[in-house]
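Student: Hello! I am new to this structure and would like a close look at a single part of it, with the rest explained around that part.

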Amino acid sequence: MHHFIVNASIQIVPIVMDRHPYVWVDEAIAIIQQSGIEYEVGPFATVIEGKYDAVMQVIQAINEHLYQLGCAEWIQNIQLQIRSNTDITGLEKIQKFQQ
């Protein structure tokens, strides 16, 4: 798409009872951690930040990993913010609220 930094919020909601849902969520977070992309884990979602292609690769890798591990069903909620001509960072959006 382009070479600017984008950010995304990713939430995994397992629709299975074979394991505690946090186990599946932890698997998704492990993929994000291994990707080398910038991230921040939150109580409801994880925010990632990087070049568009890298962010989309992480999203795809999470789905593939859960599939390969046998997770029968999940919802992946994604919010993706993109600017056409410059970077968009999470810090830019929250900096005025930090103490």
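Student: Which residue forms a salt bridge with Glu92, and how far apart are the closest N and O atoms?

Tutor: Happy to help! One thing to keep in mind is that this is a predicted model. The partner you are looking for is Arg83, and the closest N and O atoms of the Arg83–Glu92 pair are 2.5 Å apart. The pair counts as a salt bridge because a side-chain nitrogen of Arg lies within 4 Å of a carboxyl oxygen of Glu. In general, side chains of opposite charge can pair when their charged atoms come close. A search of the whole structure turns up one salt bridge, and you have picked it out.

How covered are the two partners? Arg83 has a relative accessibility of 29%, so it counts as partly exposed. Glu92 is also partly exposed, because its relative accessible area is 39%, and partly exposed means between 20% and 50%.

Now let us step back and see what surrounds your pair. The protein chain has three helices and four strands. Following the sequence, their order is β-α-β-β-α-β-α. Taken along the principal axes, the C-alpha atoms fill a box of roughly 45 × 35 × 20 Å. Among contacts in the chain with a separation of 6 or more, 70% are between residues 24 or more positions apart. The chain has 99 residues, and 30% of them count as buried. Its accessible surface comes to about 6600 Å², and carbon and sulfur atoms account for 53% of that area.

A good place to begin on the strands is E1. Seven of the 10 residues of E1 are buried, leaving this strand mostly covered. E1 runs antiparallel to strand E3, residues 46–51, and six bridges join the two. One example to find on the screen is Ala8, whose bridge partner in E3 is Ile48. E1 also runs antiparallel to strand E4, residues 74–81, through eight bridges. Here you can look for Pro14, which stands opposite Trp74 in E4.

Strand E3 also holds Thr46. With a relative accessible area of 5%, Thr46 is buried, because that value is under 20%. Beyond its neighbours within four places in sequence, Thr46 touches several residues, including Ala8, Ser9 and Ile10, as well as Ile29, Ile32 and Tyr39. Thr46 and Ile75 are 29 residues apart in sequence, and their C-alpha atoms are 14 Å apart in space.

Next comes the nonpolar core. In soluble globular proteins, nonpolar side chains tend to be buried together. The largest such core here has 18 residues, and Ile48, Val55 and Ile62 touch the most other members. Strand E1 (5–14), helix H1 (21–35) and helix H2 (52–69) each contribute at least two residues to this core. H2 gives the most, with six residues. Val55 shows how such a residue reaches across the sequence: leaving aside neighbours within four places, its contacts include Val6, Ala8, Ile37, Ile48 and Leu80. Ile48 thus comes up twice, as a bridge partner of Ala8 and as a contact of Val55.

Nonpolar residues are found at the surface too. Met56, Ile78, Leu80 and Ile82 make a nonpolar surface patch of about 270 Å². Of these, Met56 lies in helix H2. Met56 counts as partly exposed because its relative accessible area is 31%. Leu80 belongs to this patch and is also a contact of Val55.

Last, look at the loop between H2 and E4, where Gly70 is found. Gly70 counts as partly exposed because its relative accessibility is 42%. Its C-alpha atom is separated by 23 Å from that of Phe44, 26 residues apart along the chain. Ala72 is found in the loop between H2 and E4 as well. Ala72 is exposed, because its relative accessible area of 67% is over 50%. Ala72 and Asp18 are 54 residues apart in sequence, with 9.1 Å between their C-alpha atoms.

Back to your starting point, then: Arg83 and Glu92 form the salt bridge, and both partners are partly exposed, Arg83 at 29% and Glu92 at 39%.

Technical notes:
Residues are numbered from 1 along each chain as its sequence is written. This is a predicted model: local features need pLDDT of at least 70, side-chain atom pairs count only at pLDDT 80 or more; totals for chains, interfaces and linings use all residues. Side-chain values use heavy atoms; hydrogens and water are left out. A nonpolar core is a set of buried Ala, Val, Leu, Ile, Met, Phe, Trp, Tyr and Cys residues joined through side-chain atoms within 4.5 Å. Buried means under 20% relative accessible area, exposed over 50%, partly exposed in between (1.4 Å probe, protein chains only). Contact means heavy atoms within 4.5 Å. Patches are made of residues with over 30% relative accessible area and no salt bridge: like charges are joined within 9 Å, nonpolar side chains (Val, Leu, Ile, Met, Phe, Trp, Tyr) within 5 Å. Accessible areas come from the Shrake-Rupley method with a 1.4 Å probe; for residues, only the protein chains shown count as cover. Two strands pair if DSSP finds at least two bridges between them.
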